[in-house]
Amino acid sequence: MSGAETSVRPASTALPEPAPDPVVEVADLEVDFAVRGAIGHAVRGVSFQIRSGEAVGLVGESGSGKTVTALSLLRLLPDRTTRVRARSLRVAGVDVLGASAASLARLRGGAAGVVFQDPLRALTPTRRVGSQIVEVIERHSGRSRTQARLEAVELLSRVGIPDARNRARDYPHQFSGGQRQRILLATAVASHPRLLIADEPTTALDVTTQSQILDLLLDLQQDLKMAVLLISHDLGVIARVCDRVLVMYGGRLVETGSTSDVFRAPGHPYTAGLLRSIPRLDRPGAVTSAIPGEAVDGFTQVVGCAFVPRCSLAAPVCTECPELEDVTPGHQAACWRSELVT
Amino acid sequence: MRRYLLSRVAGGIGTLAGGSVVAFFVFHLLPGNPAEIIAGTHASAAQVAAIQREFALNQSLVAEFVGWWEHVLQGNLGVSVVSNVPVSHLLAQTLPVTLTLIGASTVVALAFTLVLSLGGLRKGSVLDRIALGWSVVGLSIPTFWLGILAILLFAIHWGWLPAGGYISPYSSPLAGLKSLALPAITFGIYMSAIFTQFLRRSFLDVMREDFVRTARARGLREWQVVARHASKPAMIPFVTVVGIAVSTSLGFAMVVETVFAYPGFGSLFVQAITTRDYYVVQAGIMVIVAAVVVANILVDVAYLFLDPRIRYGREG
């Protein structure tokens, strides 16, 4: 858990101007994967939208399906072992499941950039960092190589790499962890995408660096008016960056709403449990408690609500699968007993 | 970077020194002394003594070893006991022939390998299965058997290519290439089986790396992902294997050259062992050790080109 304070971002700074079309539109996303002959269900019917310029957090334990959901948006899962289905899956106007290889390639890195967790492994070790930015600009902005080089250097100094002109010629291993993540961010936003997908971008970093990277992320988001899908298991990170939050459990969305609503009055016992498990510096006496039991994985047969075995509010009704329903307008939870959640 | 290279060269010199000890003492470990071995089983004591004098074998071992090194450093590797030709002449005659064979075999092997290993880009694809089958079958077939089979078919049955011998491809290209074809392909198939196994594995591993996914997430086309991001990292473990294979191929050349009556270093070495040609065997062992050392240094130089982490040190 990060030491970043769990203060909720003021809602007023959100949305420069709400664009009519959502950048991301997902309806009934299902992702199955095959491991040694067994079929698992990583995502079981997830629907959500992300509007232009909006920062949305996707929270859940490892195995909850959050990374798989994010990767499906650009079909970055291995074809051979996974199957992605959806009633609708549109990113920046592109029908991702029906798209040709060429239009999918234009979308990836063009209208949608991605930042991954471990910046050392996510940057190619045998390629200069400058070239890794240049190739994005060349590919998607149609600039000449000379022009792209200039832009890459500019971008490197924009993300806070000192002496960018010379350092563009260095290789990833010659940078610190925080700098590598800055560089990875630079490659992801090099084509001024409408959407930035950030998969646990600060998990591999120490707390101080984590905080600087989040500042940079927010900064870039405002500057480029990007929508952001931030995946994290760290509620502190989500609270700092996101306008809205999606909570996943067992491959399903169990709660969605504005960050402030969800954090102040969670409507699902799982979210409430996550919030209780954060150590609070501002309330020294408060008890921190972990959620008992283990998370379900894609191979578990689930009847009804997947959280039942770990839930203190479980009741007979929970053997039926709850749908997302309004707790308050704009704040939904998939729980039969959400009014009892504290 | 300079320190890296210096340390490799120093290590190579150490290996050569160690190899020379083996090369020198190998005959002394055989029953009897070298003079008796050279003289053969039916020689008289006087003949043995004459040989001892002739080859200065009547001093202490250490003195003899030092004397041998002095000669080696002056370029004098001794004279063949069997043919009375200086060993350096024999090597100058046969090594280029064998290096031509190894070079041609390596080209054949790499051609097969590069095509087949592309199967490793997609696990389970048709090409990938062919590559896997190729590496298993190619490694299982004994090279001498494949060579004999090739001679039977292409030389005797169809009469397309010569059954053996060597014509220099540098002086008469067409006839030379024809004489090279069968041994090079036989040898190349074996090498390509080893290469394919490693390069396929290497590609399979690299294509699972995070940075390959990142490259795809940048919208690069698959060939760009492979060419710019996957190929160099995949080559790093592969050049090691090529280095080992090429350096040990001097030993393998003995089999291939014997089958194809190919007048190269391998044939010379085999002959020298059977006739107990003292100085030729010593020099031959040194040549093999030197080949391993040189190949290893070349591999280390290749790393410098492929891996910036070595070129610029680990950190900073």
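Buried means under 20% relative accessible area, exposed means over 50%, and partly exposed lies in between. Keep these cut-offs at hand for the exercises below, which work on a predicted model.

**Exercise 1. Classify B:L149 by its accessibility and place it in chain B.**

Step 1: B:L149 has a relative accessibility of 33%. Step 2: that value falls between the 20% and 50% cut-offs, so B:L149 counts as partly exposed. Step 3: B:L149 sits in helix α7 of chain B.

Now widen the view. B:L149 is part of a nonpolar surface patch, along with residues including B:F144, B:W145, B:W160 and B:V255. Together, the patch members have about 990 Å² of accessible area. Helix α7 (residues 143-157) supplies the largest share of this patch, seven residues.

**Exercise 2. Describe the overall build of chain B.**

Step 1: count the elements; chain B has 13 helices and zero strands. Step 2: take the extent of the C-alpha trace, which spans about 85 × 60 × 35 Å along its principal axes. Step 3: look at burial; 43% of the 316 residues of chain B count as buried.

**Exercise 3. Which residues gather in the patch of positive charge on the surface?**

Step 1: the members are A:R80, B:R122, B:K123 and B:R129. Step 2: pick one member and locate it; B:K123 lies in the loop between α5 (87-117) and α6 (126-140) of chain B. Step 3: check its accessibility; B:K123 is partly exposed, at 40%.

**Exercise 4. How many disulfides does the whole structure hold, and how far are the sulfurs of A:C318 and A:C321 from the closest cysteine sulfur?**

Step 1: recall that a disulfide is a covalent bond between the sulfur atoms of two cysteines. The cut-off used here is a sulfur pair within 2.5 Å. Step 2: for A:C318, the closest cysteine sulfur belongs to A:C305, 6.0 Å away, so the two are too far apart for a bond. Step 3: for A:C321, the closest cysteine sulfur is again in A:C305, at 7.1 Å, which is also too far for a bond. Step 4: the search over all chains finds zero disulfides. As for surroundings, A:C318 is buried at 8% relative accessibility, whereas A:C321 is partly exposed at 29%.

**Exercise 5. Examine three salt bridges of chain A, and say for each partner whether it is buried or partly exposed.**

Step 1: start from the principle that side chains of opposite charge can pair when their charged atoms come close. The structure holds 23 salt bridges over all chains.

Step 2: A:R85 and A:D32 meet at 2.9 Å, N to O. This pair links distant parts of the chain, with A:R85 in strand β4 (residues 82-85) and A:D32 in strand β1 (residues 22-35), 53 residues apart. A:R85 is partly exposed at 37%, while A:D32 is buried at 6%.

Step 3: A:E54 and A:R51 come together at 3.3 Å, N to O. Here A:E54 is buried at 2% and A:R51 is partly exposed at 33%.

Step 4: A:E61 pairs with A:R310, with their closest N and O atoms 3.2 Å apart. The partners lie 249 residues apart: A:E61 is in the loop between β3 (55-59) and α1 (66-72), and A:R310 is in the loop between α11 (269-276) and β12 (325-328). A:E61 is partly exposed at 23%, and A:R310 is buried at 9%.

Step 5: finish with a network, in which salt bridges that share partners join A:R127, A:E135, B:R218 and B:R228.

Notes
Residues are numbered from 1 along each chain as its sequence is written. Chains are lettered from A and ligands numbered from 1 in the order in which they are written. This is a predicted model: local features need pLDDT of at least 70, side-chain atom pairs count only at pLDDT 80 or more; totals for chains, interfaces and linings use all residues. Side-chain values use heavy atoms; hydrogens and water are left out. Buried means under 20% relative accessible area, exposed over 50%, partly exposed in between (1.4 Å probe, protein chains only). Patches are made of residues with over 30% relative accessible area and no salt bridge: like charges are joined within 9 Å, nonpolar side chains (Val, Leu, Ile, Met, Phe, Trp, Tyr) within 5 Å. Accessible areas come from the Shrake-Rupley method with a 1.4 Å probe; for residues, only the protein chains shown count as cover. A salt bridge is a side-chain nitrogen of Lys or Arg within 4 Å of a carboxyl oxygen of Asp or Glu. Lys and Arg count as positive and Asp and Glu as negative; His and the chain ends are not counted. The place of a charge is taken as NZ of Lys, CZ of Arg, CG of Asp or CD of Glu. Helices (H or I, at least four residues) and strands (E, at least two) are DSSP runs, numbered from the N terminus.
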